[in-house]
Amino acid sequence: LINISINNKYFNYQCIYVIIKYSIKMFYKSLIKFYIFERRKTMKKLLFVMSLLLLFVVSCGSKKAADSNVIKIGVIAPLTGDVAQYGVAVKNGVQLKVDELNAAGGINGKKIELVVADSKGESQEAVNIFKKMVSQDKVNLVIGEVISSASIAVSELAQKAKVPMITASGTALDITKGKDYVFRTTFTDPFQGTAVAKYAKTKGIKKIAVLTNTSSDYSLGLAEAFKKQATQDGITIVEEKYTKDDKDFKSILTKIKGQNPEALYIPDYYNTNGLIATQANELGFKIPYLGGDGWDGIQTNFGKVAEGTIFSSQFAPDDTDPTVVKFIKDYKTKFNSNPLVFAALGYDTVIVVENAIKNSKDLSGESIRTAMAATKGLPLVTGTFQFDADRNPNKKVTFIEVKGGKLTLKEKL
């Protein structure tokens, strides 16, 4: 047709018309066939995808049904690093109580599953762990962190996510302040700092030197409360400061010795306290050392150099209270070691959690939080307590004395 149209003008137009008409017709036929064919393929793909989605939904439903019989609790603690002794103790205390509960059928018929992670005592690591526990592990609540700085970091996220968090041993006031989803089992820095200052007053001490670690929220909190109360009670205060990087304290200790204090208040953790006590003894210090609950653990490597030290705590290994005696016996049987106060606090924290879940409408964060806030008169290893308006416990202070390299009960106030 194309060849003929070249020599025939009329036929040329007719041919062009036929060619265009035919082309359009074939185009539509091809389009329809393509549409039908592709539609079939698309339908097959759609059915395949829908089958996968259905399988996914069924799987999720089965998982949800299975998970409904489990209570997931995240535990964030420093299991390695400088304060690992605290973290391991808290974890062991938590594990002991959880094992007891699971052996008895769990809580409200639901077994407890622990999701444990090592923060190394680092705030950022603790934050990363919390995010994973909430987004991937889907925990119902979190026990942690163990030290104040990391606990403060995690508490901000817990409040935003509306996931109940309870620290067994974080003492800084800011951990729970303004956060109604955040609780603690231990008393606060101001509470114990004030208590030790009052104790010093009853012993007739007139002048006290304070060594403060400016790198530690814990040390700063205790030192501030101690100085405030001591000053109000007419006690003269002299102070020297250091940072977490310092290992040689002889210079500031020599300066302190020249001011003739009657006692030395050291609000820090056991490893640093041990170094300071060792160097103070080498310089001839003959005065008593005072401190907070961070001294617990000093008996492991520094028992002799800490002889005579008195510090605030919530647990004494030689306490004759039946609840304490049973806890110590069970702990030794399971872990073949003596429990620190941090282990007792970990154990008690699970009791608080158990009580909250038992009295909660369901496992939602809001329900657990509401039930936990109502905790009142609960008997624990570290003493009976109830939460105040800021979700901090009111409890007695146990004063511990290091005697013969061991921790002994001095008195309770």
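Guide: Before we look at any helix pair, a definition: the axes are lines fitted to C-alpha atoms over the stretch in contact, and the angle between them runs from 0 to 180 degrees between N-to-C directions. Please also keep in mind that this is a predicted model.

Visitor: Okay, so at what angle do H6 and H7 pack, and how far apart are their axes?

Guide: Helix H6, residues 189-202, packs against helix H7, residues 217-232, at an angle of about 45 degrees, and their axes are 7 Å apart. That angle makes H6 oblique to H7, because the oblique class takes what is left once angles under 35 degrees, over 145 degrees and from 65 to 115 degrees have been set aside.

Visitor: And is that crossing left-handed or right-handed?

Guide: The crossing of H6 with H7 is right-handed.

Visitor: Which residues of H6 and H7 meet there?

Guide: On the H6 side the contact includes Asp189, Pro190, Gly193, Val196 and Ala197, and among the H7 residues that they meet are Tyr218, Gly221, Leu222, Ala225 and Phe226. By class, the contact of H6 with H7 has 8 nonpolar, 5 polar and 3 charged residues.

Visitor: Switching pairs, how do H3 and H12 pack?

Guide: Helix H3, which covers residues 84-103, and helix H12, which covers residues 341-358, pack at an angle of about 40 degrees with their axes 7 Å apart. This makes H3 oblique to H12, and the crossing of the two is right-handed.

Visitor: What sits in that contact, by class?

Guide: The contact of H3 with H12 divides into 12 nonpolar, 2 polar and 3 charged residues. Among the H3 residues are Val90, Gly93, Val94, Lys97 and Leu101, while H12 brings residues including Phe342, Gly346, Tyr347, Val350 and Glu354.

Visitor: New topic: where does Gly383 lie?

Guide: Gly383 lies in the loop between helix H13, residues 365-373, and strand E11, residues 386-387. With a relative accessible area of 23%, Gly383 is partly exposed, since buried would require a value under 20% and exposed a value over 50%.

Visitor: How far is Gly383 from Asp348?

Guide: The two are 35 residues apart in sequence, and their C-alpha atoms are 9.2 Å apart in space.

Visitor: Zooming out, what does the whole protein look like in numbers?

Guide: The protein has 13 helices and 14 strands, and buried residues make up 48% of its 413 residues. Of the contacts between residues at least 6 apart in sequence, 67% join residues at least 24 apart. The protein exposes about 20400 Å², of which carbon and sulfur atoms supply 56%.

Technical notes. Residues are numbered from 1 along each chain as its sequence is written. This is a predicted model: local features need pLDDT of at least 70, side-chain atom pairs count only at pLDDT 80 or more; totals for chains, interfaces and linings use all residues. Side-chain values use heavy atoms; hydrogens and water are left out. Helices (H or I, at least four residues) and strands (E, at least two) are DSSP runs, numbered from the N terminus. Buried means under 20% relative accessible area, exposed over 50%, partly exposed in between (1.4 Å probe, protein chains only). Contact means heavy atoms within 4.5 Å. Accessible areas come from the Shrake-Rupley method with a 1.4 Å probe; for residues, only the protein chains shown count as cover. A crossing is left-handed if the near helix is turned anticlockwise from the far one by less than a right angle, and right-handed if clockwise. Ala, Val, Leu, Ile, Met, Phe, Trp, Tyr, Cys and Pro count as nonpolar, Asp, Glu, Lys and Arg as charged, and the others, Gly among them, as polar.
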